[in-house]
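Let's take a walk through a small piece of protein architecture. Have a look at the picture first, then read on.

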Amino acid sequence: MIIESELRAGVIFGDSETREYVYMPGSEIGAASPLLVYENDGDRSDVDLKEAIRLIRVRALKQTKHPKLGKSSC
């Protein structure tokens, strides 16, 4: 799956207008069951890979630059 591969490579998905972002922290890259971060208007929560992919699809998030992390979390 392309989205999973991109997340595992450190790509950040998001929408700067809604201030939503999904990304895998560098410490989770390479983990068998990584936890990803979902940010929504400043609130952060941990989500598993399946939920992260669902959020990206449902919220139509695209590859983007995070306002604090930059283009990639790696």
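Start with helix 2, which lies across strand 1, strand 2 (20-23), strand 3 and strand 4, and runs at about 120° to strand 4. Keep in mind that this is a predicted model.

Now for the strands themselves. There are 5 of them, making an open sheet in the order 4-3-2-1-5 with antiparallel pairing. Strand 4 (43-48) and strand 5 (62-63) sit at the edges, each pairing on one side only. Here is how some of the neighbours hook up:

| Strand pair | Bridges | Direction |
|---|---|---|
| Strand 1 (13-15) and strand 5 | 2 bridges | antiparallel |
| Strand 2 and strand 3 | 4 bridges | antiparallel |
| Strand 3 and strand 4 | 6 bridges | antiparallel |

You can follow single residues across the sheet, too. Glu-39 in strand 3 stands opposite Tyr-21, and Glu-39 also has Arg-44 as its bridge partner in strand 4. Over by strand 5, Phe-13 faces Gln-63. Strands 3 and 4 form a hairpin with 2 residues between them, and Asp-41 in that turn has a positive phi of about 55°.

So what about the core? The largest nonpolar core has 15 residues, and the ones touching the most other members are Leu-7, Phe-13, Val-22, Leu-36 and Ile-56. Helix 1 (2-8), strand 3 (35-40) and helix 2 (49-58) each chip in at least two residues, with helix 2 giving the largest share, 5 residues.

Which residues does Val-22 contact, leaving aside neighbours within four places in sequence? Among them are Leu-7, Phe-13, Val-37, Ala-52, Ile-56 and Leu-61.

Note on methods. Residues numbered from 1 in each chain as written. Predicted model: local features only at pLDDT ≥ 70, side-chain atom pairs only at ≥ 80, totals over all residues. Heavy atoms only, no water. Core = buried A, V, L, I, M, F, W, Y, C linked by side-chain atoms within 4.5 Å. Buried < 20%, exposed > 50% of the residue type's maximum accessible area, 1.4 Å probe, protein only. Contact = heavy atoms within 4.5 Å. Pairing = 2+ DSSP bridges. Axes fitted to C-alpha atoms, helices over the stretch in contact; angles between N-to-C directions.
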